[in-house]
Amino acid sequence: MEAEPILRAQGLVKHFPVTQGMLWTTVVGWVKAVDGISFSIQPGQTLAIVGESGCGKTTTAKLILRLEEPTSGEVFVDGKDVHALNGDALKEYRTSVQAVFQDPWSSLSPRMRVQEIVAEPLVVNRGVSAQEVKGRVAEILSRVGLRPEQAKLYPHEFSGGQRQRIAVASALVSDPKLIILDEPVSALDVSIRAQIMNLLVDLQKQYGVSYLLIAHHLATTRYMAHEVAVMYLGKIVERAKTEELFKNPAHPYTKALFSAALPAHPDIVREEIILSGEVPSPINPPSGCRFHPRCPFVMPQCSEIEPEEKALVPGHTVACHLY
């Protein structure tokens with residue numbers, strides 16, 4: 001019997017209207033940013049959602065954080081429907097789900113000292129005494145590799161990597177169950193990325209927190225994620241345990257993503273898959289399988305019938321007519 005997942009998304013859909021006109025606006029189409037995806041995360045595990053820009057990864061994160069309302073479908077955190085919460089239950093949810101964003105320059109308020117930034121989730125959501133706050137902030141800053149006396153400084157006095165550590169401290173301070181990591185290292189120098197990823201992995205082991213990692217870099221996910229879901233134009237096209245996916249990528253899109261990533265060793269011979277064309281517009285996505293206009297293995301039914309998710313081996317599913 002598997003444990004109850006910390007996060008469960010079911011049939012999640014988010015369509016944004018495309019309008020024309022200034023005074024009398026008419027809806028001329030819909031941006032199908034997220035179009036019916038389901039996934040779950042077990043306690044203490046990391047699920048990575050990977051894909052190119054514009055595939056719906058960030059919209060998915062926003063739906064979980066209640067920054068967007070779903071068009072349909074539900075998000076459950078700890079078994080509770082996130083978009084139906086109010087009052088104390090909503091406060092509890094805001095404490096137990098935190099986020100670390102991509103850009104450490106714009107995600108921290110320049111007018112607040114580090115002490116206030118890190119303490120904010122405690123002060124806002126949990127009535128904690130000033131003394132406790134101070135102790136907790138000092139403890140969490142040292143956990144993320146900063147000195148407690150740096151709490152008096154402002155964000156502009158830190159480097160990018162240090163700012164991301166501050167963001168991680170702020171996300172951890174309220175002892176959350178789930179942290180959404182939206183491209184947490186892509187804005188940082190390569191030399192610092194590994195430090196922040198190591199930090200996140202260590203903190204997960206120590207605190208047992210679950211991560212939803214949004215990424216377009218496969219290397220990041222291999223190092224951090226237990227399971228990977230590959231997203232293309234609002235759909236999850238393949239999902240598997242990380243090692244299984246890296247050994248046996250099944251979907252043509254996943255294979256193309258891997259062939260675009262650098263090999264681990266220069267002597268490794270790989271099949272080179274060049275995708276033709278750009279990612280189509282999510283306003284009127286292609287019929288059938290959304291990947292068919294760019295797929296090297298396209299067959300007649302691909303443009304007409306949307307592929308169902310099929311399990312190749314337990315825990316490895318793919319939505320593709322080749323299987």
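Trainee: In S4, which residue is the bridge partner of Ala-9?

Mentor: Good place to start. This is a predicted model, and in it Ala-9 has Val-75 of S4 as its bridge partner. That pair belongs to a longer ladder: strand S1 (residues 7–20) and strand S4 (residues 72–77) run antiparallel and are joined by five bridges.

Trainee: What is the order of the strands in the open sheet of four strands?

Mentor: To read a sheet, walk from one edge to the other and name each strand you cross. Here the walk gives S2-S1-S4-S5, and the pairing is antiparallel. At the two edges are strand S2 (26–41) and strand S5 (80–81), each of which pairs on one side only.

Trainee: Which strands does helix H1 lie across, and at what angle to S2?

Mentor: Helix H1 (residues 57–64) lies across S1, S2 and S4, and runs at about 75° to S2.

Trainee: What order and pairing does the open sheet of eight strands have?

Mentor: The same walk works for this one. The order is S6-S7-S8-S3-S9-S10-S12-S11, with mixed pairing. Strand S6 (97–100) and S11 are the edge strands, each with pairing on one side only. If you look at how neighbouring strands are turned against each other, the average is 20°, direction ignored.

Trainee: How many bridges join S10 to S12?

Mentor: Two bridges join strand S10 (residues 235–241) to strand S12 (residues 316–319), and these strands run antiparallel. For a residue to find on screen, take Glu-238, whose bridge partner in S12 is Val-318. H1 turns up here again: it packs on this sheet too, touching S3, strand S7 (178–182), strand S8 (210–215) and strand S9 (227–232). The direction of H1 makes about 150° with that of S8.

Trainee: Which strands does helix H2 lie across?

Mentor: Helix H2 (residues 87–96) lies across S6 and S7, and its run is at about 40° to S6.

Trainee: Now the helix pairs. At what angle do H5 and H6 cross?

Mentor: For a helix pair, read the angle and then the residues that touch. The axes of helix H5 (residues 160–172) and helix H6 (residues 190–207) come within 10 Å and cross at roughly 15°. Angles under 35 degrees count as roughly parallel, so H5 and H6 are roughly parallel to each other. The crossing of H5 past H6 is right-handed.

Trainee: Which residues of H5 and H6 meet?

Mentor: From H5 come Gly-161, Gln-164, Arg-165, Val-168 and Leu-172; they meet Ile-192, Gln-195, Ile-196, Leu-199, Leu-200, Leu-203 and Tyr-207 of H6. By type, this contact has eight nonpolar residues, three polar and one charged.

Trainee: How is H4 set against H6?

Mentor: Helix H4 (residues 130–143) packs against H6 at an angle of about 130°, the axes being 11 Å apart. That angle makes H4 oblique to H6. Glu-139, Ile-140 and Arg-143 of H4 make the contact with Leu-199, Leu-203, Gln-206 and Tyr-207 of H6. The residues divide into four nonpolar, one polar and two charged.

Trainee: How many salt bridges does the count come to?

Mentor: The count comes to nine salt bridges. One of them joins the side chains of Glu-52 and Arg-294, at 3.3 Å from N to O. Check where the partners sit along the chain as well: Glu-52 is in the loop between strand S3 (46–50) and H1, while Arg-294 is in the loop between helix H9 (252–260) and strand S11 (309–313). The pair links distant parts of the chain, 242 residues apart.

Conventions. Residues are numbered from 1 along each chain as its sequence is written. This is a predicted model: local features need pLDDT of at least 70, side-chain atom pairs count only at pLDDT 80 or more; totals for chains, interfaces and linings use all residues. Side-chain values use heavy atoms; hydrogens and water are left out. Axes are lines fitted to C-alpha atoms, for helices over the stretch in contact, and angles run from 0 to 180 degrees between N-to-C directions. Angles under 35 degrees count as roughly parallel, over 145 as roughly antiparallel, 65 to 115 as roughly perpendicular and the rest as oblique. A crossing is left-handed if the near helix is turned anticlockwise from the far one by less than a right angle, and right-handed if clockwise. Contact means heavy atoms within 4.5 Å. Ala, Val, Leu, Ile, Met, Phe, Trp, Tyr, Cys and Pro count as nonpolar, Asp, Glu, Lys and Arg as charged, and the others, Gly among them, as polar. Two strands pair if DSSP finds at least two bridges between them. A salt bridge is a side-chain nitrogen of Lys or Arg within 4 Å of a carboxyl oxygen of Asp or Glu.
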